[in-house]
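Good morning, everyone, and thank you for making the time. I would like to walk you slowly through one structure today, so please have the sequence and the picture open beside you.

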Amino acid sequence: MPRFRMTVEYDGGPYVGWQRQENGHSVQGAIEAAVLSLTGETVSVRGAGRTDSGVHAMGQVIHADLSKDWSPYQLQNALNAHLRLAGERVSILDVEAAAEFFDARFSALRRHYLYRIVSRKAPLALEAGKAWWVPKVLDHEVMHAAAQRLVGRHDFSTFRAAHCQANSPVRTLDRLDVTRKGELIEIRATAQSFLHNQIRSFAGTLKLAGEGKWTPDDVEAALEARDRKACGPVAPPDGLYFMQVDYPEVIPDRRRPVTDTDTDDDLS
């Protein structure tokens, strides 16, 4: 069956998250429903990461196997038409034919996330639901200095949800940068994979540093504690965006079986 790789954008607000669930409407379910409406086929689409409820995406990558060898341009337009008619807040940005052993999740080299904080006294109007409103002045330089204590290979037990199902809390964090553009503070994170709520835990902890309540040493001590109780408050999902996924130019043929029960993956 032809395999298609797609890049997807979505507003996470109306959904229970990326993954299909029994307790509400998911982004995965919306795309699968669009495929069914278009082709009559019941398919399971696979995503590069399983974003949590309320988390947005500008570059989620998925793959799907279809019986018809569609033109990528036609498939993109047709799926977007069905998504639009269904009132979904999901858009297919790009479609391309993929090798049969390409896997949106297991072939990924790196995942890139952005967390957005608006630091100002006035509440959000246009940005409501799209950023974390913090009505205080935050020192982004201190936040960045604290963030560098987290870069590298560590046991991130402090910064993962208590019910995280990953097999190990050890991850290699390639990048965690904090910058400011006027009222907007951006936290950019890159790693091969992330733990459940890891980036939102970072953001909530770094906010404490930006307020002057914690120092970079305090953030490093929280990391070394390897204890969820040492973490700062978890930031809300509104400000988190799944931005991009990097893949090797040549995808190795691992032929690894994939099931919905695989859990060693990010759910941010």
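**A walk through the model**

Let me begin with a record: in an unreviewed UniProt entry, the annotation "active site" covers D52. I should say at once that what you are looking at is a predicted model, and that an annotation of this kind may be inferred rather than shown by experiment. As for its place in the model, D52 sits in the loop between β2 (46-47) and β3. Is D52 buried or exposed? Its relative accessibility is 19%, and because buried means under 20%, D52 counts as buried.

From that loop we can move on into strand β3, which spans residues 56-65 and holds H63. H63 has a relative accessibility of 4%, and counts as buried. If we set aside the neighbours within four places in sequence, H63 is in contact with R3, F4 and R5, with S44, V45 and R46, and with F102, D103 and A104. With A104 there is a particular detail to look for, since a polar atom of the H63 side chain lies 3.1 Å from the backbone nitrogen of A104.

Now please turn to strand β9, where I would like to spend a little longer. Seven of the eight residues of β9 are buried, so this strand is largely enclosed by the rest of the structure. Which strands pair with β9? One of them is β5, residues 110-119, which runs antiparallel to β9 and is joined to it by eight bridges; here you can find Y113 standing opposite A189. Another is β8, residues 170-181, which also pairs with β9 in the antiparallel sense, over eight bridges, and in this case L173 stands opposite A191. Strands β8 and β9 form a hairpin with two residues between them, and in that hairpin G182 takes a positive phi near 65°.

That brings me to positive phi values in residues that are not glycine. N197 has a positive phi of about 70° although it is not a glycine, and you will find N197 in the loop between β9 (184-191) and α4 (198-210). With a relative accessibility of 10%, N197 counts as buried. R226 is another residue other than glycine with a positive phi, in this case near 50°, and R226 comes just after α5, in the loop that leads from α5 (216-225) to β10 (240-246). Is R226 buried or exposed? At 51% relative accessibility, R226 counts as exposed.

Since we have arrived at α5, let us look at the helix itself. In α5, the residues P216, V219, A222 and L223 are buried. Seen down the helix axis, the buried residues of α5 fall within an arc of 120°, so they line one face of the helix. What do these buried residues pack against? They pack against α3 (140-148), β7 (152-155) and α4.

My next stop is a tryptophan, W133, which is found in strand β6, residues 132-134. W133 is partly exposed, with a relative accessible area of 32%. Apart from its neighbours within four places in sequence, W133 is in contact with V118, R120, K121, A122, P123 and L124. Two of these contacts deserve a careful look: a polar atom of the W133 side chain lies 2.8 Å from the backbone oxygen of R120, and the W133 side chain also reaches the backbone oxygen of A122, at 3.1 Å. W133 and P236 are 103 residues apart in sequence, while their C-alpha atoms are 9.6 Å apart in space.

Finally, a word about the cysteines. How many disulfides does a search of the whole structure find? The search finds zero. Why is C164 not bonded to C231? The sulfur of C164 is 13 Å from the closest cysteine sulfur, which belongs to C231, and that is too far for a bond. C231, likewise, is in no disulfide, with the sulfur of C164 as its nearest at 13 Å. C164 is buried, with a relative accessible area of 13%, and C231 also counts as buried, at 13% relative accessibility.

Thank you for listening, and I am happy to take questions.

How values were computed: Residues are numbered from 1 along each chain as its sequence is written. This is a predicted model: local features need pLDDT of at least 70, side-chain atom pairs count only at pLDDT 80 or more; totals for chains, interfaces and linings use all residues. Side-chain values use heavy atoms; hydrogens and water are left out. Helices (H or I, at least four residues) and strands (E, at least two) are DSSP runs, numbered from the N terminus. Buried means under 20% relative accessible area, exposed over 50%, partly exposed in between (1.4 Å probe, protein chains only). Contact means heavy atoms within 4.5 Å. A polar contact is a pair of N or O atoms within 3.5 Å; within protein, one must be able to donate a hydrogen and the other to accept it, and residues adjacent in sequence count only if both atoms are side-chain atoms. A disulfide is a pair of cysteine sulfur atoms within 2.5 Å. Two strands pair if DSSP finds at least two bridges between them. The arc is that of the directions from the helix axis to the C-beta atoms.
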